[in-house]
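Good morning, and thank you for coming. I would like to take you through one structure this morning, beginning with a single residue and widening the view from there.

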Amino acid sequence: MKKSTEASATACWDCLYRRDFENTFLGICTWFEVHGKGSNKDIPPSLVEKGCKYWKKK
Ligand code: SF4
């Protein structure tokens, strides 16, 4: 049996929309800007390991 890695499969770390800009700890989510829904946002610690429904493979 393969060990499940589902928990981190959609973590922000592996998401296309995550960027490292200067002075950011966990990174910035660019989803909002890319989709014209607002400005880039800091990724909160509670989300960074989980990701969100907009996760996309980079
Ligand atoms: S919050 Fe969602 S869209 Fe933004 S980097 Fe994380 S998984 Fe990607």
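Let us start at Ile28, which is part of strand 2. Please bear in mind throughout that this is a predicted model. Is Ile28 buried, exposed or partly exposed? There are 19 other C-beta atoms within 10 Å of Ile28, and 20 or more would be needed for a buried residue, so Ile28 is classed as partly exposed. Leaving out residues up to four places away in sequence, Ile28 touches Arg19, Phe21, Asn40, Lys41, Asp42 and Ile43. With Ile43 the separation along the chain is 15 residues, while the two C-alpha atoms are 5.5 Å apart.

From this residue we may move to the sheet. Three strands form an open sheet in the order 1-2-3, and their pairing is antiparallel. Strand 1, residues 18-19, and strand 3, residues 41-42, are at the edges with a single partner strand each, so each has one side without a neighbour in the sheet. As a general point, the strands of a sheet pair through backbone hydrogen bonds, either parallel or antiparallel. Here, strand 2 covers residues 28-29 and is joined to strand 1 by two bridges in the antiparallel sense. Within that pairing, Arg18 has Cys29 of strand 2 as its bridge partner.

Now to the chain as a whole. How many helices and strands does the chain have? There are two helices and three strands, and read from the N terminus they follow the order β-β-α-β-α. The chain has 58 residues, of which 12% count as buried. Among contacts with a separation of 6 or more, 39% join residues 24 or more positions apart.

Which residues make up the largest nonpolar core? That core has five residues, namely Cys12, Cys15, Tyr17, Cys29 and Ile43. In soluble globular proteins, nonpolar side chains tend to be buried together. Ile43, which we met as a neighbour of Ile28, has further contacts beyond four places in sequence, including Cys12, Arg18, Leu26, Cys29 and Val48.

I turn next to the ligand. Around the ligand we find Cys12, Cys15, Tyr17, Arg18, Cys29, Trp31, Ile43, Leu47, Gly51, Cys52, Tyr54 and Trp55. Sorted by class, this shell consists of 10 nonpolar residues, one polar residue and one charged residue.

Two members of that shell deserve a separate word. Trp31 is located in helix 1, residues 31-34. With 19 other C-beta atoms within 10 Å, Trp31 is partly exposed. Its C-alpha atom is 10.0 Å from that of Cys15, and the two residues are 16 apart in sequence. Setting aside residues up to four places away in sequence, Trp31 touches Tyr17 and Tyr54.

Tyr54 is the second one, and it belongs to the segment after helix 2. It has 14 C-beta neighbours inside 10 Å and therefore counts as partly exposed. By the same sequence criterion, Tyr54 touches Tyr17 and Trp31. Between Tyr54 and Thr10 there are 44 positions in sequence, and their C-alpha atoms are 9.3 Å apart.

The segment after helix 2, a helix covering residues 45-48, also holds Glu49. For Glu49 the count is 13 C-beta neighbours inside 10 Å, so Glu49 too is partly exposed. Glu49 and Cys12 are 37 residues apart in sequence, yet their C-alpha atoms are 6.3 Å apart.

Finally, a word on confidence. The mean pLDDT of the chain is 88, and 86% of the residues reach 70 or more. Which of the elements has the lowest mean pLDDT, and which the highest? The lowest belongs to strand 3, at 94, and the highest to helix 1, at 97. In general, where pLDDT is low, the predicted coordinates should not be read in detail.

Definitions and conventions. Residues are numbered from 1 along each chain as its sequence is written. This is a predicted model: local features need pLDDT of at least 70, side-chain atom pairs count only at pLDDT 80 or more; totals for chains, interfaces and linings use all residues. A residue is near a molecule or strand if its C-beta atom, placed from the backbone, lies within 6 Å of it. Ala, Val, Leu, Ile, Met, Phe, Trp, Tyr, Cys and Pro count as nonpolar, Asp, Glu, Lys and Arg as charged, and the others, Gly among them, as polar. A nonpolar core is a set of buried Ala, Val, Leu, Ile, Met, Phe, Trp, Tyr and Cys residues joined through C-beta atoms within 7 Å. Two residues are in contact if their C-beta atoms, placed from the backbone, lie within 7 Å. Two strands pair if DSSP finds at least two bridges between them. Helices (H or I, at least four residues) and strands (E, at least two) are DSSP runs, numbered from the N terminus. pLDDT is the predictor's confidence in each residue, from 0 to 100.
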